[in-house]
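This briefing describes one protein model and gathers its computed features by topic. Please read it alongside the sequence and coordinates displayed below.

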Amino acid sequence: MDAVKRYRDWLQLAQQHDALSGAEDWRRIDKSRLYDYTEIKSRLTLLRQCLANGAYRELLYALNEGVHGNMGGMGQPILYMRSKCGTKELIDDYVETISESLMYIYHCPEKIISHAEKLDFFRRASHCYGRSALLLSGGAGLIYFHHGVVQELIDHDLLPNVISGASAGSIVSAQLGIHTDEELKSGYFSQKRYIETSNTPLLGSLTGKLTAAEARASRERFQDEVIPKDITFQEAFEHTGRYINISISAAEKHQNSRLMNAITSPNVYIRSAVSASSSIPGVIPPERLYAKGFDGKPRPYLATRRWVDGSVSGDLPAKRLMRLYGVNHFIVSLINPFVLPFVKDTKLRKSKGLPTTVSQSLFRLLNESLITSERFFDRGGEMGSRIAAQIAYLSRMLDQNYLGDINILLKQSDFTWKQALFEFKEGEIENLTDVGMRSTWPKISMVKNAARISKTLDHILEQLNAEAIDPTPSGIHHIYS
């Protein structure tokens with residue numbers, strides 16, 4: 001499994017592993033203390049009876065009782081740990097049948113369930129069920145891990161429509177927002193390389209070999225490779241249908257971070273937001289935002305404010321995404337080297353255990369020490385204030401939640417600090433991308449089950465809304481392979 005290069009080969013070996021380990025038998029047995037299998041089995045039986053009998057009204061009533069991604073605890077990540085390639089077959093069957101039932105209601109004759117009633121039901125179901133979002137953390141040169149993760153999600157048609165990125169993550173998020181599915185499926189991220197970073201390494205900025213102006217110019221040349229200067233968040237959404245979000249942090253100590261997107265800041269240039277989100281404190285000066293005015297010309301946006309690296313205070317802005325898009329399920333790709341040593345995916349365990357508790361205690365102790373140090377240096381004149389500002393940035397970075405529902409974490413053993421500074425030896429970029437892909441493979445079945453129902457609901461609603469404008473039905477084909 002460690003040697004293969006493609007997911008389908010990995011999955012075939014994973015199935016063989018399950019057969020040898022007994023996990024295949026575990027998948028077939030409904031019973032488990034990890035979830036309420038009796039409730040799910042009862043619901044599944046009812047739905048199948050309604051489908052078999054053509055009982056549209058009874059099926060609609062059953063679905064109105066609730067369409068949940070975590071019915072009876074079936075969405076817990078720990079249920080995907082026993083088997084290499086999935087979870088209980090009962091859970092897979094239930095998700096499949098819910099999706100089939102939703103399609104059955106959609107195709108129900110108008111004389112039984114009217115278009116208006118369908119639209120009302122599917123809107124409520126979509127609102128209650130929620131949707132997934134992909135959160136891409138900052139991490140400078142470790143960005144190539146993100147490349148592997150998103151390419152794998154793209155190739156499996158599992159990329160959420162809501163995507164958030166900070167710093168390095170904002171660069172990937174921006175590219176996802178301006179390129180269509182067809183462009184991305186051709187191996188876009190697997191092949192993508194950033195030329196400027198090899199010409200002007202980030203290490204030169206940190207050691208003082210480059211001035212702030214030279215570092216900023218290098219950053220602009222880097223962005224020239226991937227992001228047009230004249231496309232706004234609204235224009236990107238109209239082009240791809242994806243809600244991309246870019247986190248930026250306030251340069252001023254007592255100001256709040258912002259989340260830039262087509263809802264909160266439709267006229268802001270994506271390039272401008274990425275520039276701000278990539279302005280590393282102490283390396284590149286804070287940036288001003290720019291937006292397209294009513295006359296089509298650039299103009300300052302929040303002219304008196306300046307912004308820095310989005311990772312500082314908004315690396316993974318889950319709460320804001322929940323409020324804006326009704327997101328209730330998060331896929332996290334984490335590459336932030338400052339926090340990786342302290343983060344453990346506790347959702348994969350029945351209990352946190354002593355090692356995780358100790359790690360969290362050390363994490364809190366470090367953060368308290370930083371806060372104390374910041375107060376000390378803040379009283380030390382101009383030089384002390386500069387040091388205090390850097391400590392404050394690090395403290396704000398550590399005082400965040402870095403885990404979602406599905407976590408794809410870069411292991412410390414898979415990167416070096418030189419790589420984080422864009423210092424790569426031959427083959428290391430390819431290896432980091434490969435690690436991102438491989439880290440995603442064990443999560444595919446979990447992502448698929450989490451996304452299937454919401455994607456079905458989104459497709460149906462899109463079709464129903466189109467039919468409200470054009471009553472000629474075109475149907476829905478091949479929602480999921």
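Is E24 buried, partly exposed or exposed? In this predicted model, E24 has a relative accessibility of 28% and therefore counts as partly exposed, since that class lies between under 20% for buried and over 50% for exposed. The overall architecture comes next, followed by the salt bridges, the strand pairing and the nonpolar core.

**Overall architecture**

- The protein chain is built from 22 helices and nine strands, and of its 481 residues 51% are buried.
- Among contacts in the protein chain with a separation of 6 or more, 79% are between residues 24 or more positions apart.
- The area that the protein chain exposes comes to about 22800 Å², of which carbon and sulfur atoms supply 53%.

**Salt bridges**

- The structure contains 18 salt bridges, and one of them joins the side chains of R28 and E24, with an N to O distance of 2.8 Å.
- R28 and E24 are four residues apart in helix α2 (residues 23–28), which means that about one helical turn separates them; R28, with a relative accessible area of 46%, is partly exposed, and E24 is likewise partly exposed at 28%.
- This pair also belongs to a network of salt bridges in which E24, D25 and R28 are linked.
- A second salt bridge brings together the side chains of D458 and R131 at 2.9 Å, N to O; it links distant parts of the chain, with D458 in helix α22 (residues 444–469) and R131 in strand β1 (residues 131–136), 327 residues apart.
- D458 counts as partly exposed at 25% relative accessibility, and R131 also counts as partly exposed, at 22%.
- In a third salt bridge, the closest N and O atoms of R242 and D181 are 2.7 Å apart; because R242 lies in the loop between α14 (233–240) and β3 (243–250) while D181 lies in helix α9 (residues 181–184), the pair ties together parts that are 61 residues apart in sequence.
- The two partners fall into separate accessibility classes: R242 is buried, with a relative accessible area of 5%, whereas D181 counts as partly exposed at 39%.

**Pairing around strand β3**

- Seven of the eight residues of β3 are buried, so this strand is largely enclosed by the rest of the structure.
- Strand β2 (residues 162–166) runs parallel to β3 and is joined to it by five bridges, and A166 has S247 in β3 as its bridge partner.
- Strand β4 (residues 258–260) runs antiparallel to β3, with three bridges joining the two, and I246 has its bridge partner in β4 at M260.
- Strand β7 (residues 307–308) also pairs with β3 in the antiparallel sense, over two bridges, and here S249 has V308 in β7 as its bridge partner.

**Pairing around strand β8**

- Strand β8 (residues 327–334) has seven of its eight residues buried, so it is largely enclosed by the rest of the structure.
- β1 pairs with β8 in the parallel sense over six bridges, and the bridge partner of L135 in β8 is V332.
- Strand β9 (residues 406–409) runs parallel to β8 and is joined to it by four bridges, with I331 standing opposite I406 in β9.

**Nonpolar core**

- In soluble globular proteins, nonpolar side chains tend to be buried together.
- The largest nonpolar core here has 118 residues, and the members that touch the most other members are L63, L102, F122, L176, F233, I270 and L410.
- If residues up to four places away in sequence are not counted, L63 touches L47, I98, S101, L102, I105 and F121.

**A buried polar residue**

- Q151 sits in helix α7 (residues 143–155) and is buried, with a relative accessible area of 1%.
- The side chain of Q151 reaches the backbone nitrogen of S190 at 3.3 Å.
- With residues up to four places away in sequence left out, Q151 touches L184, K185, G187, Y188, F189 and S190.

Key:
Residues numbered from 1 in each chain as written. Predicted model: local features only at pLDDT ≥ 70, side-chain atom pairs only at ≥ 80, totals over all residues. Heavy atoms only, no water. Salt bridge = Lys/Arg side-chain N within 4 Å of Asp/Glu carboxyl O. Buried < 20%, exposed > 50% of the residue type's maximum accessible area, 1.4 Å probe, protein only. Core = buried A, V, L, I, M, F, W, Y, C linked by side-chain atoms within 4.5 Å. Contact = heavy atoms within 4.5 Å. Polar contact = N/O pair within 3.5 Å; in protein donor to acceptor, adjacent residues only side chain to side chain. Pairing = 2+ DSSP bridges. Areas by Shrake-Rupley, 256 points an atom, 1.4 Å probe, with all protein chains shown as cover.
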